[in-house]
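Here is a short report on a protein structure. Keep the sequence and the 3D view open as you read.

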Amino acid sequence: MTLLDTTGSAEESERPIRKPPVKRRWRPLAAGLILPVVVLVGWQAAASSGLYSSAQLPPPLSVLDALGELAGDGSLWQHLAISVQRVLIGFAAGAGLGFLLGAVVGLSATVRAVVAPSIAALRAVPSLAWVPLLVLWLGIGEGPKITLVAIGSFFPVYTTISAALAHADAHLVEVGRAYGLRGGELLGRIMLPSVAPAIFSGLRLGLAQGWLFLVAAELIASSMGLGFLLTDSQNTGRTDILLLAILLLAALGKLCDVILGLVEKRVLRTHK
Amino acid sequence: MLRDIDLEIAPGEVVALLGASGCGKSTLLRMVGGLDLATSGSVRVDGRDVTGIDPRCAVVFQEPRLLPWRTLAGNVALGLPRDLPRNRRDAESRQWLAEVELRGFADYRPRQVSGGMAQRTALARALARRPGVLLLDEPFAALDALTRLRMQDLVEDVQRRSGTTVILVTHDVDEALKLADRVVLLGGAPTGVSVVLDVPGDRPRDHHQPELAELRSELLAGLGVPRRTPLERETHAR
C-alpha cells in the first residue's frame, strides 16, 4: 500500500488489514488434505486387493487398531513423551550452540576464516557415523541420543545464521553505527532483527533435522521412543505398529513445524 | 582520493559540496560525521577532533534507510538521546515527525509510505539527535522533482528554525544555489577544492533569480558542462 505524498491529509488513520474470509483461509488446508486422502484410499484398496499379505501391508484400520492398543496399555505415551523430550532438549542445545557460533562466525571475518572450514567438514559426516563414537563416550543412556539430536539441529541453525549475519544489510548497519549503536546494541537492535526471517528458517530446518537424527539415535540403542518402536515392530513382525510409528513421526514433525511457524508469524508480523 | 581540502564552516551556515559523481564529496561528508576517517589531516567540529562516529553530527543518506520492522515513530526514536526515559521517547518521536509534516503517520511502517515520506522520516530521525551539524548526503537525489522541491523547502525551513549547521552534498547546481550560503565546488584528480562561491541574497531563495544565473553557469562550467547565460545568449544573437 503506497500512500500519496500529501502532507495535508495527514490525519488519515491506519486502515486495519482485513483478514480474508473464512472460506478462503481454509482452502489451502483442504487442498493439502487431498493427497493424504488419495493415499489412504489407495492404501485401503491395495490392502484389500489380496496382492499383499497383511504382514506386508496391513489395512489402515488395523493401524488404527494398533494405535488404540498402544494407547490403551499406556506405552504409546511413554514412547511419544521420551522422543519429544529428546528432540526438545537436543534441539534447544544444538540450536542454541548453532546460534551462538553462527553469530560469532557471521560477525567476525577472522573467526570465520579459522573456524568455518572445519565446521563445514564436520557437517559432511553422516548422522549414523556419530553413533558408535557417542555410545562409546557417553554410554547408552539419554546422553548419546540427545547429543545426536543436538548435532542434527546445530548445523542448519549455524549455517543459516552465520550466512545471514555475514550478509546483513550494510546500509542499515551503517545507520545503526551513525546513530551511536555499537557492539551488542548494534547486534540486538539492527543486525538480528534484519536477519530474523533467516533465523526462523534456520530454526525450522534445525528442528526437522533434529527429528531425523532422533530416529537414527533411537534405532541403534534404545528401549523406548518412536525409533525403538520402529525396530521393535520390525523384529516382532508387527507391520501395523511399524506404519503407525512412521505416521506418528510424520505427524509430530509436522506439528513441531506448525508451532514454530506460528511463533515465526507472530514475531515477524512487523516485518511485513 | 581527496587532498588539500581546507574548509572552515561557520556555525549555522549552510554549505553545499558540489561535484561530479564519484569525486569524493560523499567521502568528505562521511569524514565529518566520523563514518570514514581521513588517512591524513583532521576534521574538527567546534574545535574538537572527530575521531569516530560523532554524537554532534547526524546524517541523512541518499536512501531513507529506515528499519522496516519499526514504525516511523520507532525509526525516529533511533535518533533520540539514549538516556531519554521510555515513556517520553514515543511522544518526542511523534513531535519530530510533526516537524517534518508527518503528523498522523507515526504508526505506519516504512513500507506503507511513499519514498518522500520515508526520506522525511529519515530527516526527522536526524533532527531528533539535535545535531550541531546536519550532514545531508544527496538526500533528495532519489526523489521525484515535485517531492524534491518540497523537501528542499522543508530542509530550509527546519534549518532556519533550529539554526543548525548544514553540509549538503549534491550534484544539483540549482539545489546548491537555492539552499546554500556558500557553494564549494570540488574537482580535479585527486579531488580538491576548485572554487568556493558565496551565494548572494537571503534564503529562501528562488534559484531563477537573475543574479544567480552567472553563478549557475560558472558552477556548471566547473562541472564540465558549460552553458551560456541568458545575457550571453542575447549578445550572441546580435
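## Two loop residues with positive phi

B:Arg65 sits in the loop that runs between β4 (57-60) and α2 (72-77) of chain B. The model is a predicted one. In it, B:Arg65 has a phi near 50°, which is positive although the residue is not a glycine. Is B:Arg65 buried or exposed? Its relative accessibility is 11%, so B:Arg65 counts as buried. The cut-off for buried is under 20%.

Now turn to B:Glu101. This residue is in the loop between α3 (86-99) and α4 (115-128) of chain B. Its phi is near 65°, again a positive value in a residue other than glycine. B:Glu101 has a relative accessibility of 36%, so it counts as partly exposed.

## Helix α7 of chain B

Helix α7 of chain B covers residues 210-222, which makes 13 residues. How far apart should its ends be at 1.5 Å a residue? The expected span uses one less than the number of residues, and it comes to 18 Å. The end C-alpha atoms are 19 Å apart, which agrees.

Several residues of α7(B) are buried: B:Leu212, B:Leu215, B:Ser217, B:Leu219 and B:Leu220. What do they pack against? Their partners in chain B are two strands, β7 (182-187) and β8 (192-198), along with β1 (14-18) and the helix α6 (173-179). Just after α7(B) comes B:Gly224, with a positive phi of about 90°.

## The largest pocket

The largest pocket holds about 1100 Å³ of space. Its lining has 31 residues. Nearest its centre lie B:Leu7, B:Val32, B:Ser42, B:Val43 and B:Arg44. Three elements of chain B give two or more residues to this lining: α1 (25-33), β2 (44-45) and β6 (165-170). Which element gives the most? That is α1(B), with four residues.

The pocket lining can also be sorted by class. It has 16 nonpolar, nine polar and six charged residues.

## The largest cavity

The structure has four cavities of 30 Å³ or more. The largest of them has a volume of about 70 Å³. Its lining includes A:Val131, A:Leu134, A:Ile140, A:Pro144 and A:Ala217. A:Gly139 and A:Lys145 also line the cavity.

Which helices of chain A supply at least two lining residues each? They are α5 (127-138), α6 (142-166) and α9 (196-220). By class, the cavity lining has nine nonpolar residues, one polar and one charged.

Note on methods: Residues numbered from 1 in each chain as written. Chains lettered and ligands numbered in written order. Predicted model: local features only at pLDDT ≥ 70, side-chain atom pairs only at ≥ 80, totals over all residues. Heavy atoms only, no water. 1 Å grid on protein atoms, 1.4 Å probe; cavity = no way out; pocket = protein on both sides within 12 Å on 5 of 7 lines; lining within 4 Å. Points joined across faces, edges and corners; volume = space filled by probe spheres on them. Nonpolar A, V, L, I, M, F, W, Y, C, P; charged D, E, K, R; others polar. Buried < 20%, exposed > 50% of the residue type's maximum accessible area, 1.4 Å probe, protein only. Contact = heavy atoms within 4.5 Å.
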